[in-house]
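Welcome! Here is a short tour for anyone meeting this structure for the first time. Take a look at the sequence and the model below, then read on.

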Amino acid sequence: MKLGILVNSDRHLEAITGMTRAALAKDHEVFLFAMDDGTRLLAEPGYVALCHLPGVNMSFCQESATRKGVSFDALPEAIAAGSQLQNAMMVQKVDRIIVL
């Protein structure tokens, strides 16, 4: 199964990391897309570290990050900067979506 997590809030880091690790433990793929306030999590090492886990695909809305004043220059290459196109692509790829 492929799980999508749309991250539009910066209040649920523990839930995001817990669900991601639980899904990976069941051999599922996880797609994370951050937008709006969720891009603030790009400053959290625990969130960024998820990109290094096998089976995790991460992207974010560059426009949202810019509007929120979030620096993304030093992010790992595994986290794709993009637009709402990445969100739409995630929706097409996954079997289930959770919005936090």
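In this predicted model, the side chain of Ser9 reaches the backbone nitrogen of Arg11 at 3.1 Å. Ser9 sits in the loop between S1 and H1. Is Ser9 buried or exposed? With a relative accessible area of 6%, Ser9 falls under the 20% limit, so Ser9 counts as buried. Leaving aside residues up to four places away in sequence, Ser9 touches Asp37, Gly38, Leu41 and Leu100.

Let us move on to the nonpolar cores. The largest nonpolar core holds 24 residues, and those touching the most other members are Val7, Ile16, Leu32, Tyr47, Met58, Phe60 and Ile79. Strand S1 (2-7), helix H1 (13-25), S2, helix H2 (45-48) and S3 each supply at least two residues of this core. There is also a second, separate core of 7 residues, which includes Phe31, Met35, Cys61 and Met90. In soluble globular proteins, nonpolar side chains tend to be buried together.

What does Val7 touch, not counting residues up to four places away in sequence? Its contacts are Ile16, Leu32, Phe33, Ala34, Met35, Gly38, Leu41, Tyr47 and Leu100.

Next comes the largest pocket, which holds about 160 Å³ of space. Its lining is made up of Phe31, Leu32, Phe33, Asn57, Met58, Ser59, Ala80, Gln86, Met89, Met90 and Lys93. By class, 7 of these lining residues are nonpolar, 3 are polar and 1 is charged. Strand S2 (29-34), strand S3 (56-61) and helix H4 (84-93) each give at least two residues to the lining. H4 provides the largest share, with 4 residues. Leu32 and Met58 appear in this lining, and both are also among the members of the largest nonpolar core that touch the most others.

Finally, two aspartates deserve a look at their backbone angles. Most residues other than glycine have a negative phi. Asp27, however, has a positive phi, and so does Asp36. The table sets out their values.

| Residue | Phi | Loop | Relative accessible area |
|---|---|---|---|
| Asp27 | near 65° | between H1 and S2 | 72%, exposed |
| Asp36 | about 50° | between S2 and H2 | 27%, partly exposed |

Why is Asp27 classed as exposed? Its relative accessible area is 72%, and exposed means over 50%. Asp36, at 27%, counts as partly exposed because that value lies between 20% and 50%.

Notes
Residues are numbered from 1 along each chain as its sequence is written. This is a predicted model: local features need pLDDT of at least 70, side-chain atom pairs count only at pLDDT 80 or more; totals for chains, interfaces and linings use all residues. Side-chain values use heavy atoms; hydrogens and water are left out. On a 1 Å grid over the protein atoms alone, a cavity is a set of points where a 1.4 Å probe fits but cannot get out, and a pocket is an open set with protein on both sides within 12 Å along at least five of seven lines; lining residues have an atom within 4 Å of a point. Grid points are joined across faces, edges and corners, and a volume is the space filled by probe spheres set on the points. Ala, Val, Leu, Ile, Met, Phe, Trp, Tyr, Cys and Pro count as nonpolar, Asp, Glu, Lys and Arg as charged, and the others, Gly among them, as polar. A nonpolar core is a set of buried Ala, Val, Leu, Ile, Met, Phe, Trp, Tyr and Cys residues joined through side-chain atoms within 4.5 Å. Buried means under 20% relative accessible area, exposed over 50%, partly exposed in between (1.4 Å probe, protein chains only). Contact means heavy atoms within 4.5 Å. A polar contact is a pair of N or O atoms within 3.5 Å; within protein, one must be able to donate a hydrogen and the other to accept it, and residues adjacent in sequence count only if both atoms are side-chain atoms.
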